[in-house]
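Here is a short briefing on side-chain packing. Please keep the sequence and the coordinates open while reading.

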Amino acid sequence: VRLSGNFEAGLLARGAGTRVDVTRLVVDDSQVSATGGFGGGVIAFKGANVRLHQARLSRNRGAGVLADSAGSHVQASSLLVDGSRSLGLTKGLGWGTDIQNGASLELAGAMVVGNREVGVGGLLAQASFVVGTRVVATVGTEDGRFGYGVMFDSCVGDSTVASCLLSRNRSAGAIFRRSKGSLRNTVVDNTLPSKYPLSLGASEPAEFIELADGVVIWEVSSMLVEAVLGARNPRAGALVEGSPATAIRSSAFSGGLFGLATQGASPVDTASSLYVGSQANYSGDMGLFIPAAPRLVGVDVNDGEDP
């Protein structure tokens, strides 16, 4: 089945009693409607559950997959999500998968490539489990920001990433902020720089900082990084800030400016881990800038029902 060029969503599932199971699906070029809408490829909304197998979601607006609101859940396997675009000139997004506001995700054996702001992400989400997935070449915004491979911000349940390849993304291969979880058996390499403006005052000329980190752990209550290989990430292989219960075990990070950088009372359990080949294999409290997450965008789906 191919759903092409539709407005607001290619496939929309809404309501707690809704269950959708789809195999061999293509959804491409979904558009934002004249009244706003969203434009996503597949949307699970207000408690709906969607299961996808052998699907391609390509060049959709907003997100390839969007799950929004408590109880909404997407389970996907053998999925290709590529080329997700923004909502328009003045709006953000362009995520491969966007899980938000209490929704949850299970993603296995996927290829997520060439999306705009984030490859696989969650904001205010419930539990997410990502396994055996390649997240590659997230491109960033037109002004040079974001481009995260994997990003979980302010999530409630555990955010788990295992047996994945995170390569040639921008800003960070994986970033966990206020979201407990684990990153295991994963390669994070060749993160590319993104640039962010430094605020110097209205009378000062604009200056920018470029950053490209492998793994960022920021204000996280509990985090395990285990059997992770990080290589050729220009700023830090692993950057930990304000996260006192972080363990990086049986991992190796090489290349770049810093191997392991810690900031703000972040003692790290580094059992059996190796940091080599960086300009400084270990550093503390260097004041490294970490950007905020892309903003949350509300879902506006005109399906004829009351909100």
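The points below cover aromatic pairs, charges over rings, cysteines and one loop glycine.

This is a predicted model. It has six aromatic pairs and zero disulfides.

**Aromatic pairs**

- Phe-146 and Tyr-148 are one of the six pairs. Their ring centres lie 6.1 Å apart, and the planes meet at 55°, a tilted arrangement.
- Phe-146 is buried, and Tyr-148 is buried too.
- Phe-152 and Phe-176 also make a tilted pair, because their planes stand at 35° and the tilted class excludes angles under 30 degrees and over 60. The centres of these two rings are 5.9 Å apart.
- This second pair links distant parts of the chain. Phe-152 belongs to strand 14 (residues 148-153), while Phe-176 belongs to strand 17 (residues 171-177). In sequence, 24 residues separate them.
- Phe-152 has 0% relative accessibility, so it counts as buried. Phe-176 is likewise at 0% and therefore buried; the cut-off is under 20%.
- One aromatic cluster takes in Phe-146, Tyr-148, Tyr-196 and Phe-289.

**Charges over rings**

- Arg-177 sits over the face of Trp-218, 4.5 Å from the ring centre.
- Lys-195 sits over the face of Phe-208, at 5.1 Å from the ring centre.

**Cysteines**

- Why does Cys-155 form no disulfide? The nearest cysteine sulfur belongs to Cys-164 and is 16 Å away, whereas a disulfide needs sulfur atoms within 2.5 Å.
- Cys-164 is in no disulfide either, and its nearest cysteine sulfur is that of Cys-155, at 16 Å.
- Cys-155 has a relative accessible area of 7%, so it is buried. Cys-164 has 6% and is also buried.

**A loop glycine**

- Where is Gly-144? Gly-144 lies in the loop between strand 13 (134-136) and strand 14.
- Is Gly-144 buried or partly exposed? At 21% relative accessibility, Gly-144 counts as partly exposed, because buried requires a value under 20%.
- Gly-144 touches Ser-194 and Lys-195, leaving aside residues up to four places away in sequence. Lys-195 is the residue that lies over the face of Phe-208.
- Gly-144 and Ser-194 are 50 residues apart in sequence. In space, their C-alpha atoms are 5.4 Å apart.

Definitions and conventions. Residues numbered from 1 in each chain as written. Predicted model: local features only at pLDDT ≥ 70, side-chain atom pairs only at ≥ 80, totals over all residues. Heavy atoms only, no water. Phe/Tyr/Trp six-rings, centres within 6.5 Å; stacked < 30°, edge-to-face > 60°. Buried < 20%, exposed > 50% of the residue type's maximum accessible area, 1.4 Å probe, protein only. Helix = DSSP H or I, 4+ residues; strand = E, 2+ residues; numbered from the N terminus. Lys NZ or Arg CZ within 6 Å of the ring centre and 35° of its normal. Contact = heavy atoms within 4.5 Å.
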